[in-house]
Amino acid sequence: MSKILNIGILINNFIIRSWEYSAIHRIHDVDHTRISLIINYKDNSEKKNQKTDYPLPFILHKHIDGKIFSGSRNNSSRKDLGELLKDVPVVEINSCENQKSEYQSINDVDQIRQYNLDIIIKLGYGFIKGEILKVPGYGVWSYSINHFQSEDEDMTGYYEVIRNRPVTVSELGVINEDGEKYNVLNRVVESACPYSVSLNRDAIFARAPFLLPAVLEGIQIHGSQYFKHLANRYGREGQLMQGKTMLPSLTGSLLNGLQASFILLNKIIKKILYTDA
């Protein structure tokens with residue numbers, strides 16, 4: 001297969017995290033892909049407008065950890081996608097909600113169809129449903145580490161510390177029709193830091209940009225058979241979705257914060273005791 005893949009980028013803000021910027025930069029101006037459209041997606045559904053109160057200890061834990069361990073290499077820093085894709089046309093679309101489901105207007109969807117997109121790559125937090133998922137030939141793709149409603153809810157790297165998990169996982173997948181599950185196309189596994197949420201996040205964010213170019217190149221060379229092969233290789237549902245952990249309660253997040261403090265203190269004591277003078 002020699003066809004150039006026509007790519008659309010779905011965003012809800014032009015200011016994106018640097019790891020997402022790096023992923024798009026890696027597929028920009030290469031021989032086998034063309035970024036033909038930016039879709040600026042505004043979610044006006046009732047669910048989006050409902051305010052969610054996340055446990056304060058959970059948010060403080062991540063914030064304090066980030067202040068201590070973020071360092072100079074921070075893949076959560078922000079960059080302007082508009083500077084990279086300044087010559088790419090932009091379509092503004094809105095999401096609404098009726099009693100049955102979330103939807104986009106027919107005019108919005110038809111406008112996107114005119115660009116004959118093979119793939120739409122979703123960046124940023126939040127979920128998406130509706131007709132837009134059926135527009136590109138290979139579907140709408142998303143990263144598992146964006147599979148949260150907001151940054152406050154993001155649990156990437158959190159339970160690796162609390163539950164002493166040995167690895168942090170990131171997956172790239174095709175969003176299913178329900179908008180909240182995905183079929184895996186590629187996966188990367190990174191050794192987890194046992195005491196820092198921020199270091200776990202940064203390590204997996206640094207690896208995530210490499211997932212996208214590998215899959216796109218495989219599809220460009222081998223076509224739809226390669227796409228089907230990936231579904232058989234990784235299974236029909238993401239590893240993270242199968243073992244997805246719920247957001248901790250107020251009490252749970254407080255206990256988790258204390259446990260994380262104990263883990264870090266224990267690490268410091270061992271470092272002092274077992275390091276030669």
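**Note on the predicted model: buried charges, strand pairing and helix packing**

1. Glutamate 171 is buried, at a relative accessible area of 0%. The model under discussion is a predicted one. Despite this burial, the carboxylate has a partner: the side chains of glutamate 171 and arginine 187 form a salt bridge, with an N to O distance of 2.8 Å. Glutamate 171 belongs to strand 9 (residues 167-175) and arginine 187 to strand 10 (residues 182-191), so this pair ties together parts that are 16 residues apart in sequence. Arginine 187 is partly exposed, with a relative accessible area of 23%. Burial is taken to mean under 20% relative accessible area, so arginine 187, at 23%, falls outside that class.

2. As to overall composition, the protein has 277 residues, of which 49% are buried. It contains 11 helices and 10 strands. Of the contacts in the protein with a separation of 6 or more, 77% are between residues 24 or more positions apart.

3. The salt bridges of the model number eight. Side chains of opposite charge can pair when their charged atoms come close. One of these bridges joins aspartate 118 and lysine 3, whose closest N and O atoms are 2.8 Å apart. Lysine 3 lies in the segment before strand 1 (5-11), and aspartate 118 in the loop between helix 5 (106-113) and strand 7 (119-122), so the bridge ties together parts that are 115 residues apart in sequence. Aspartate 118 is buried, at 8% relative accessible area, whereas lysine 3 is partly exposed at 44%.

4. What is the N to O distance in the salt bridge of glutamate 20 with arginine 17? The value is 3.7 Å. Because the criterion admits a side-chain nitrogen within 4 Å of a carboxyl oxygen, this pair qualifies at 3.7 Å. Glutamate 20 is buried, with 2% relative accessibility, and arginine 17 is also buried, with 3%.

5. Arginine 17 also figures in the surroundings of serine 76. Serine 76 is located in the loop between helix 3 (56-69) and strand 4 (78-80). At 14% relative accessibility, serine 76 is classed as buried. With residues up to four places away in sequence left out, serine 76 touches Arg17, Ser18, Arg201, Asp202 and Phe205.

6. Arg201, Asp202 and Phe205 are among the buried residues of helix 7. Helix 7 (residues 197-207) is mostly covered, with eight of its 11 residues buried. Val197, Ser198, Asn200, Ala203 and Ile204 are also among those buried residues. The elements they pack against are strand 2 (15-17), helix 1 (18-27), helix 3, helix 6 (158-162), strand 9 and strand 10.

7. Strand 9 also takes part in pairing with strand 8. In which sense do strand 8 and strand 9 pair? The pairing is antiparallel and runs over three bridges; within it, serine 142 has glycine 173 of strand 9 as its bridge partner. Strand 8 pairs with strand 7 as well, in the parallel sense over two bridges. There, isoleucine 120 stands opposite valine 140 of strand 8.

8. In a regular strand the side chains alternate between the two faces of the sheet. In strand 8 (residues 140-143), Val140 and Ser142 point one way, while Trp141 and Tyr143 point the other way. All four are buried, on either side of the strand.

9. Helix 8 (residues 211-222) packs with helix 9 (residues 224-234) at an angle of about 135 degrees, and their axes are 6 Å apart. Helix 8 is therefore oblique to helix 9. In this contact, Ala214, Val215, Gly218, Ile219 and His222 of helix 8 meet Ser224, Gln225, Tyr226, Phe227 and Leu230 of helix 9. By class, the contact comprises six nonpolar, four polar and no charged residues.

10. A last point concerns glutamine 259, which is found in helix 11 (residues 250-274). Glutamine 259 is partly exposed, with a relative accessible area of 34%. Glutamine 259 is 64 residues from tyrosine 195 in sequence, and the two C-alpha atoms are 9.9 Å apart in space.

Notes:
Residues numbered from 1 in each chain as written. Predicted model: local features only at pLDDT ≥ 70, side-chain atom pairs only at ≥ 80, totals over all residues. Heavy atoms only, no water. Axes fitted to C-alpha atoms, helices over the stretch in contact; angles between N-to-C directions. Parallel < 35°, antiparallel > 145°, perpendicular 65-115°, else oblique. Contact = heavy atoms within 4.5 Å. Nonpolar A, V, L, I, M, F, W, Y, C, P; charged D, E, K, R; others polar. Buried < 20%, exposed > 50% of the residue type's maximum accessible area, 1.4 Å probe, protein only. Pairing = 2+ DSSP bridges.
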